[in-house]
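Reader: I have a model open on my screen and would like to go through its details with you. Could you show me the structure before we start?

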Amino acid sequence: MEQRSFETRRARGYLVGCVVAALLWSVASAEIRYSISEEVKEGTVVGNVAKDLGLDKSTLKERKYRIVSSNADPLFHVNQNDGILYVSRKIDREDVCAQSTMCSINLKTVLENPLEVHYVEVEVMDINDHSPTFPEKEKTLEIFESVLPGARFQLRAARDGDSSQFSVQQYKLSQNDQFRLEIKDKGEDGKIPILVVQKSLDRESAKSHSLLLTALDGGKPPKSGDMNILVKVLDVNDNAPVFSQDVYSVMLDENAPVGATVIQVNATDLDEGPNGDVVYSFSKSINQNILNLFDINQLTGVITVKGLIDYEEKDRYEIEIEASDKGFVPVTTEKSVIIKIVDVNDNAPEIEVTSFSSSIPEDSRPGTTVALISVNDLDSGLNGKVICSIREDVPFALSPSLKDKMYSLVTKTPLDREKQSHYDLTITAKDTGHPPLSSEKTISVVVSDVNDNSPEFSLSPYTFYVTEANEPGTSVFSVKAFDRDENDNALISYHIHRDGSEDNKLASFLNINSESGDILALKSFDFETVKTFHFQVVATDSGTPSLSSNVTVNVFILDQNDNAPVILYPVSSNGSAEGVEEIPRNVNAGHLVTKVRAYDADIGYNGWLLFSLQEVTEHSLFTLDRYTGQIRTLRSFTETDEAEHKLVILVKDNGNVSLSATATVIVKVVEPKEAFAASDVKSATKDDEENNLTFYLMITLGSVSALFLISIIVLIAMQCSKSTDYTSKYLQETNYDGTLCHSIQYRSGDKRYMLVGPRMSIGSTIVPGSHANTLVLPDRRRPSGEAQLSAKRF
């Protein structure tokens, strides 16, 4: 019975010991948590650790209660007298935890005799103590005026030292009509502002736009930062590069070697020359970490590995690629390339080019070998079995050889150097592991030229306009041809085709520079002699055998204002442009005094004459029609008006540098009886003169009749031998007043002129704008066209 009681007491003691041990264990492993705000002052109380852990304050100093830390300058310390945890120095959350969402500092406190370890976690709460800042205060964007609405321009994001809700939350753009703002959320990388063109730009309306971009954080009230954006609208416009794909996405092994090809982006520009050459680069707002990991070939657009790729660090990269042309003001297009990292750890196949021909003629037959390629993989089994391939959109193919892991790179289809002279062939080797590994190698193949293209002229036919009286021996125009071949096959020489025909006779007065295509006139052209002609220029390349092509050149001679107006009436006996007109004093207003007649040997505006009063003794008496030259009275004469009035008329053409002539008309006002007497005297004098001239007129009439019969006979004979289509055109002037007779001869100096009125011979044409003063006679010697004569000289 005593033994049973002893066992009962023993069991109870064991149970009590277990309970005490459990309590001691729970105290030794207890953990408490506090939270404080950053930037609190030194000495700020964090919490009473001794009280919260249930420690005896009287034994803290004796048991050497302290914080164990390897930092020489700890952030916290505990008072051994009261067990309170204090801040040792000011805490900057951004220095301690960067931009982590959660910032916790773990402290280990120790008590000796017996040894106890307690863990204290202090969470540092972020405060909004940083304002958003942009990398640059001012940003200048150069945008073409032809950019379409919806064009996007990515800006550099603002940075905020705070984290989570106190970081940059939104952007605002100043009020304007041309642009709007979009935000691209890239998750951990923050929000990226994108400037979007809202309306078409017009440089003539506004050469630049000043915008203000504001970044706001999540504080209450929020803090902000500004960046001034100056958008310069450029007055040139080319096609922007266009990427071949809407989305670029690629898988990349985490152990890809440095220099390995990730993906090749391709953009084309429809422009020519430098404006059509595309270069590639990363976006200016890209993270520096990405620049350390990847690189891009500016010419080919091949993205390659630059640094160590670690899947555990990041499993996905989104890279902004810019394609810009080489214009004076480049046009840029952006595209995202998504790179997904594959978590594998195998050896990638190795590609080796053992024999390579860097140049191949463009007339090579399909199946011509370009290179021998060997592939090796350090793995074994399925992981070491390699399949080699090349893109389908190139005129090359890989042909496996009899030996394992050897391939021949051969031509698949005919080549054309003029369409593409250089190929960057990307050969991909992939094993059959799970997941498979692959590697790529790019080789450059140059297609050499064969003379298979004839020279091509930039225009066909050419049309040139040359003003008359050009200086002989100078270049009047030039032709230009190009050859899509290169080197000697594209070296072009020029010569004029001369066949000795009648149509080609004017080509003998031309010479061409065989190298430049500049054409020189060896003589001065005269519009009145020849108005148009054509010839052929032949362009020949220097290939073997040479190829050539020709083009027709049409030349039109332009008239110059090189003839001054000639006064036909009035003309005095000594040849000067003077005349006297007598009118009765009792004429009414609107009475026709006389009409000044003149002509100009030029055509068009150069021969269009206008009349004006340069000098007149009494402006209220006379008026002059500026188009017809008619002088009329403005009012009736009075007793106080002078009996003689002098009018000086200026006749001026409409050339760029106008030429002019003057005529003087003396108007004598006589009494009505004197006017009738003078008229009778003139009539008697005229009758005497007509009687004296009757004999000569009869002889002249007989001669003209004989000549007319001979002309009719010759004309009938010519019509029978050669059918020629002559059309008669009559252009009558609406302002003609009937004062001109159909054929009047005038003398000016030693020259005689014939003025033709409304009664014209068949086949003649009145030139528009000549006011029925100029006769155009068809040139019966030419098969087509008309020879225009401003006046016929005898």
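Reader: Thanks! In which helix is Ile710 found?

Author: Happy to help. This is a predicted model, where local features need pLDDT of at least 70, side-chain atom pairs count only at pLDDT 80 or more, and totals for chains, interfaces and linings use all residues. Residues are numbered from 1 along each chain as its sequence is written, and side-chain values use heavy atoms, with hydrogens and water left out. Helices (H or I, at least four residues) and strands (E, at least two) are DSSP runs numbered from the N terminus, and the run 672-721 that holds Ile710 is helix H5.

Reader: Which residues form a nonpolar patch on the surface with Ile710, and what is their accessible area together?

Author: Patches are made of residues with over 30% relative accessible area and no salt bridge, with like charges joined within 9 Å and nonpolar side chains (Val, Leu, Ile, Met, Phe, Trp, Tyr) within 5 Å. Areas come from the Shrake-Rupley method with a 1.4 Å probe, and for residues only the protein chains shown count as cover. Ile710 is joined by Leu707, Val714 and Met718, and the patch has an accessible area of about 380 Å².

Reader: What is the mean pLDDT of the protein chain, and how many contacts does the stretch 681-686 have beyond near neighbours in sequence?

Author: pLDDT is the predictor's confidence in each residue, from 0 to 100; its mean for the protein chain is 78, with 81% of residues at 70 or more. Over residues 681-686 the pLDDT is below 50. Where pLDDT is low, the predicted coordinates should not be read in detail. Counting contacts as heavy atoms within 4.5 Å, the number for 681-686 beyond near neighbours in sequence is zero.

Reader: Which residue does Lys220 join through a cis peptide bond, and where is that partner found?

Author: Most peptide bonds are trans. Here omega is about 0°, and the bond leads from Lys220 to Pro221. Pro221 is found in the loop between strands E13 (208-217) and E14 (224-234).

Reader: Is Asn113 buried or exposed?

Author: Asn113 sits in the loop between strand E6 (104-111) and strand E7 (116-125), and its phi is positive, near 55°. Buried means under 20% relative accessible area, exposed over 50%, and partly exposed in between (1.4 Å probe, protein chains only). Asn113 has a relative accessible area of 65%, so it counts as exposed.

Reader: Which residue forms a salt bridge with Arg33?

Author: A salt bridge is a side-chain nitrogen of Lys or Arg within 4 Å of a carboxyl oxygen of Asp or Glu. For Arg33, the closest N and O atoms of the pair are 2.9 Å apart, and the partner is Glu123. The pair links distant parts of the chain, with Arg33 in strand E1 (residues 31-37) and, 90 residues apart, Glu123 in strand E7.

Reader: Why does the salt bridge between Arg152 and Glu182 tie together separate parts of the sequence?

Author: The closest N and O atoms of Arg152 and Glu182 are 2.4 Å apart. Arg152 lies in strand E9 (residues 152-154) and Glu182 in strand E11 (residues 179-185), so the pair ties together parts whose separation in sequence is 30 residues.

Reader: Which residues are joined into one network by salt bridges that share partners, and how many salt bridges does the structure hold?

Author: The network consists of Lys184, Arg316, Glu318 and Glu320. For the structure, the number of salt bridges is 19.
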